[in-house]
Amino acid sequence: MAHEKMSTTQNKKLSSLKKLIGGNKKAIPGQLKLLEAMKSGEQVGDKQWQEAAKAHSWLHFTSHGSFNSKDMLIIERGEGHFLVDSKGHKVIDGLSGLFTNNVGHARPELAEAAAKQMMELDFMPLWSYHHPRAIELSERLLSYAPKELTRVFFTTGGTEGVESAWKIAKQYFKLVGKPQKHKVISRMTAYHGTSHGALSITGLPQFKQMFEPLVPSTFRVPNTNFYRAGEEFASAEEHALWAANRLEEAILFEGPETVAAFFVEPIQNAGGCLTAPESYYKRVREICTKYDVVLVADETITGYGRSGEWFGSIRYDIQPDMMVTAKAITSGAQPLGALFLREKYFEPFSEGSATLAHGYTFGGHPVACAVALANLDIYDRENLVDNVRMNSPIFRQTLEKLLDLPIVGDVRGDGYFFAIELVKDKDSKQRLSAAERDKLIRGFLNGAMYQAGLYARADDRGDAVVTLAPPLTVGPKEFVEIEQILRGVLSEAWEILNS
Ligand SMILES: Cc1ncc(COP(=O)(O)O)c(C=O)c1O
């Protein structure tokens, strides 16, 4: 076995790592104990998973140091709108996985569609060849999409959709004789993904600094956070118009002949569910048309019913040129993304030898497409988008009850997508300090909500917020349960903040 062959130096290295790992003395990198146990037919569970996970895996966006003194949360099962962990603790999934599981978890219809497709055609790339499920899914998707979008390019997720939109815009402009158009404008605090391109478009400096230099030529304009807008703005409309006009200013400053695209989320997640009135999108549309800038709606989260319409672009009449979607397209059961485009951007590629030199092995995977079709069947059968539209005001009212707590400054959002902003002083809207955010968000809130029965996300990429995005299958009963849990946890958070 590998660990029997280890040198003294390796052993020393391991014992210092072992000290680092702390709590769990058996989590020694290099010793594949879980594998051994499984091979020998031993029953494995939480204890063995904890050891192996701490020794050999690397989680995304996670401070692993915290696992020196505590166990990981290992989610073993999903049951409808519940999650069950490896210690048997059951919680409401208040975030739909990661804005993914809109029809809930472990739906047999999706599993059956995947199995059937695997036995028919398990894989074929969309590189020069096509397959029936991707063809069928394209038309099906377009039947729900804003009418101006007529073409679909498949990816495996949101980052790839953002990356693809930018690259397609760049190549399009080269083909139509505007080769200088390459720059991208996006909004402050917005998250658009993690590849070098998508990260460049992201407006969160703290996520970018360690990876610089990134792709050049990206610029930020203000978002539509009215709660944090200055007193000079009398209404959300007034603030939003001001914010939209900053886009024109940025385009003129950079030179319209150099700007390719503007990326915007219909409801911006980072910063806490930032909505905008329709007038904002009307003005943004005007500006993008005037300067031939591709208006890209990043609907990685808002797509597929989250806003109370099929797409946020319909909800706010955005009339985008391109629309990035992913996550809930399969309700998370398979990795898939779909970038929707106006025909204009495909036309230069439709004749002659012009080729989009871009693609992904697994973009439009046949199994993922089959699952997406079955997922859309569930949406239709259960009228999930109507459910959101009908119940969203009740969700909002239920969460707004929390405004009686001193720590809750604002409740905002739309559809089944709300953020609760946490403040130190309600009247002055005083923000939590960095140390307080550390203590509350990382040190308390996420864990406390989970222990109390709710998986949701306390987040301070912008201001401190708790974000909620439950499966579209839930209703008023679950809203009350969520409110009750949050009431207890946020009351305790206030005490901790003032202790
Ligand atoms: C608005 C937005 N764009 C892009 C992404 C990146 O998507 P993915 O993680 O699927 O690459 C996300 C992820 O949450 C997102 O919220």
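1. A polar contact is a pair of N or O atoms within 3.5 Å, and this cut-off is helpful when reading the ligand site of this structure, which is a predicted model. In that site, an oxygen atom of the ligand lies 2.9 Å from a backbone N or O atom of Gly 158. Side chains take part as well, since a polar side-chain atom of Thr 159 lies 2.6 Å from a ligand oxygen atom, and a polar side-chain atom of Lys 327 lies 3.1 Å from an oxygen atom of the ligand. Taken alone, the ligand exposes 390 Å², of which the protein buries 82%.

2. The residues surrounding the ligand include Gly 157, Tyr 191, His 192, Glu 265, Asp 298 and Ile 301, along with Gly 158, Thr 159 and Lys 327. Sorted by class, this shell holds 6 polar, 3 charged and 2 nonpolar residues.

3. Two residues other than glycine deserve a careful look at their backbone angles. Thr 189 has a positive phi of about 70°, and its place is in the loop between β5 (183–187) and α8 (196–201). Thr 189 counts as buried because its relative accessibility is 17%, while the cut-off for buried is under 20%.

4. Ser 331 also has a positive phi, in this case near 50°, and Ser 331 sits in the loop between β9 (322–325) and β10 (337–341). With a relative accessible area of 1%, Ser 331 is buried.

5. Finally, please check the peptide bond that joins Glu 212 and Pro 213, which is cis, with omega at about 5°. Pro 213 is found in the loop that runs between α9 (205–208) and β6 (218–221).

Methods: Residues are numbered from 1 along each chain as its sequence is written. This is a predicted model: local features need pLDDT of at least 70, side-chain atom pairs count only at pLDDT 80 or more; totals for chains, interfaces and linings use all residues. Side-chain values use heavy atoms; hydrogens and water are left out. Helices (H or I, at least four residues) and strands (E, at least two) are DSSP runs, numbered from the N terminus. Buried means under 20% relative accessible area, exposed over 50%, partly exposed in between (1.4 Å probe, protein chains only). A residue is near a molecule or strand if one of its heavy atoms lies within 4 Å of it. A polar contact is a pair of N or O atoms within 3.5 Å; within protein, one must be able to donate a hydrogen and the other to accept it, and residues adjacent in sequence count only if both atoms are side-chain atoms. Accessible areas come from the Shrake-Rupley method with a 1.4 Å probe; for residues, only the protein chains shown count as cover. Ala, Val, Leu, Ile, Met, Phe, Trp, Tyr, Cys and Pro count as nonpolar, Asp, Glu, Lys and Arg as charged, and the others, Gly among them, as polar.
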